[in-house]
Amino acid sequence: AMIALLPELREKPLLVIGGGSNLLLTQDFKGNVLHPAILGISAFEEDSEVMLRCGAGENWDDVVAYAVNHGYYGMENLSLIPGEVGASAVQNIGAYGVEVKDLLFCIDAVEIATGKVCTIYKEACEYGYRQSRFKNEWKNKYLITTVTYVLKKTFQPHLDYGNIRSELEWKGIENPTAQQVRDTIIIARSEERRVGKECR
């Protein structure tokens, strides 16, 4: 269905949106607005790792919750980040010492100019701090359909960023589970949002 829209999408300026959490429009957009509502999560388990393939329209925090609930580890520090899976690959989202580029394996996308379906591996994306080629020379060149992440089946917590370790120690937790780390980060991020609103 998306490929059938390509001729129309090529005619006018294009704005691809996910959750819209980092979007501010100061006037009407005179072009096509596209929201890839592609859903679905599938896991392919190997010995110590799992490949988690997610539709671009999946809510990011729902994917993190899914991973933690199924014993797939690595995403828990990225809990409660707003947005969708497709944007995670564009933006290289990160928090509490973890970035998506550290988890990402590949991206499936449609090239707008040709309609060609392609797989883009993370090495080609030139990820940096909140940066990728999707935000620069590839802007509006591809429509991301799915993103595949590589997660671990053994939990190795990342606690040395921010106040995660001290919060867990305050709760009397020495060897946290992934869910306990996720819960601590959700509380911390919720507090950051609350304080930020009070300061405005």
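# Exercises on a predicted fold

Of the 200 residues in the chain, 44% are buried. The model is a predicted one. Work through the tasks with the structure open.

## Exercise 1. Lay out the chain

Task: State how many helices and strands there are in the chain, and give the order in which the elements run.

Solution.
- Step 1. Count the elements. The chain has five helices and nine strands.
- Step 2. Read the order from the N terminus on. The elements run α-β-β-β-β-α-α-β-β-β-β-β-α-α.
- Step 3. Check how far apart in sequence the contacts reach. Take the contacts with a separation of 6 or more: 59% of them are between residues 24 or more positions apart.

## Exercise 2. Place strand β9

Task: Find which strands pair with β9, and in which sense.

Solution.
- Step 1. Locate the strand. β9 covers residues 142-152, and 10 of its 11 residues are buried.
- Step 2. Take one neighbour. Strand β4, residues 49-55, pairs with β9 in the antiparallel sense over seven bridges.
- Step 3. Take another neighbour. Strand β7, residues 104-111, is also antiparallel to β9, and seven bridges join them.
- Step 4. Pick out Y149 in β9. Its bridge partner in β4 is L52. On the β7 side, L104 stands opposite Y149.

## Exercise 3. Follow strand β7

Task: Decide whether β7 is largely enclosed or open, and trace its link to β8.

Solution.
- Step 1. Look at burial. Seven of the eight residues of β7 are buried, so the strand is largely enclosed by the rest of the structure.
- Step 2. Test E111, which lies in β7. Its relative accessibility is 16%, so E111 counts as buried, the cut-off being under 20%.
- Step 3. Find its partner. E111 bridges to Y142 in β9.
- Step 4. Compare sequence and space. E111 and L143 are 32 residues apart in sequence, yet their C-alpha atoms are 6.5 Å apart.
- Step 5. Turn to β8. Five bridges join β7 to β8, and the two run antiparallel. Here I107 stands opposite I120 in β8.
- Step 6. Inspect the turn. β7 and β8 form a hairpin with five residues between them, and G115 in the turn has a positive phi of about 80°.

## Exercise 4. Build the nonpolar core

Task: Name the residues that touch the most other members of the largest nonpolar core, and the elements that each supply at least two of its residues.

Solution.
- Step 1. Start with the background. In soluble globular proteins, nonpolar side chains tend to be buried together.
- Step 2. List the best-connected members. The core has 45 residues, and W60, M75, I107, F134, Y149 and L151 touch the most other members.
- Step 3. Assign the suppliers. Strands β4, β7, β8 (117-121) and β9 each give at least two residues, as do helices α2 (60-69), α3 (85-91), α4 (164-170) and α5 (178-199).
- Step 4. Zoom in on W60. Leaving out residues up to four places away in sequence, W60 touches M75, L78, I81, G83, E84, V85, S88, I93, V100 and Y149.

## Exercise 5. Examine the second largest pocket

Task: Give the volume of the second largest pocket and describe its lining.

Solution.
- Step 1. Take the volume. The second largest pocket holds about 180 Å³ of space.
- Step 2. Find the centre. Among its 13 lining residues, Y73, G74, L103, K152 and H158 are closest to the centre.
- Step 3. Ask which element gives the most to the lining. That is β9, with three residues.
- Step 4. Sort the lining by class. There are five nonpolar, five polar and three charged residues.

## Exercise 6. Check two loop residues and a helix residue

Task: Classify L80, N92 and T184 as buried or exposed.

Solution.
- Step 1. Take L80, in the loop between α2 and α3. Its phi is near 65°, positive in a residue other than glycine. Relative accessibility is 18%, so L80 counts as buried.
- Step 2. Take N92, in the loop between α3 and β5 (94-95). Its phi is near 55°, again a positive value in a residue other than glycine. N92 is at 0% relative accessibility, so it counts as buried.
- Step 3. Take T184, in helix α5. T184 is buried, with a relative accessible area of 4%.
- Step 4. See what surrounds T184. Not counting residues up to four places away in sequence, T184 touches I164, E167, L168 and K171. From T184 to L168 is 16 residues in sequence and 7.3 Å in space, C-alpha to C-alpha.

Notes:
Residues are numbered from 1 along each chain as its sequence is written. This is a predicted model: local features need pLDDT of at least 70, side-chain atom pairs count only at pLDDT 80 or more; totals for chains, interfaces and linings use all residues. Side-chain values use heavy atoms; hydrogens and water are left out. Buried means under 20% relative accessible area, exposed over 50%, partly exposed in between (1.4 Å probe, protein chains only). Helices (H or I, at least four residues) and strands (E, at least two) are DSSP runs, numbered from the N terminus. Two strands pair if DSSP finds at least two bridges between them. On a 1 Å grid over the protein atoms alone, a cavity is a set of points where a 1.4 Å probe fits but cannot get out, and a pocket is an open set with protein on both sides within 12 Å along at least five of seven lines; lining residues have an atom within 4 Å of a point. Grid points are joined across faces, edges and corners, and a volume is the space filled by probe spheres set on the points. Ala, Val, Leu, Ile, Met, Phe, Trp, Tyr, Cys and Pro count as nonpolar, Asp, Glu, Lys and Arg as charged, and the others, Gly among them, as polar. A nonpolar core is a set of buried Ala, Val, Leu, Ile, Met, Phe, Trp, Tyr and Cys residues joined through side-chain atoms within 4.5 Å. Contact means heavy atoms within 4.5 Å.
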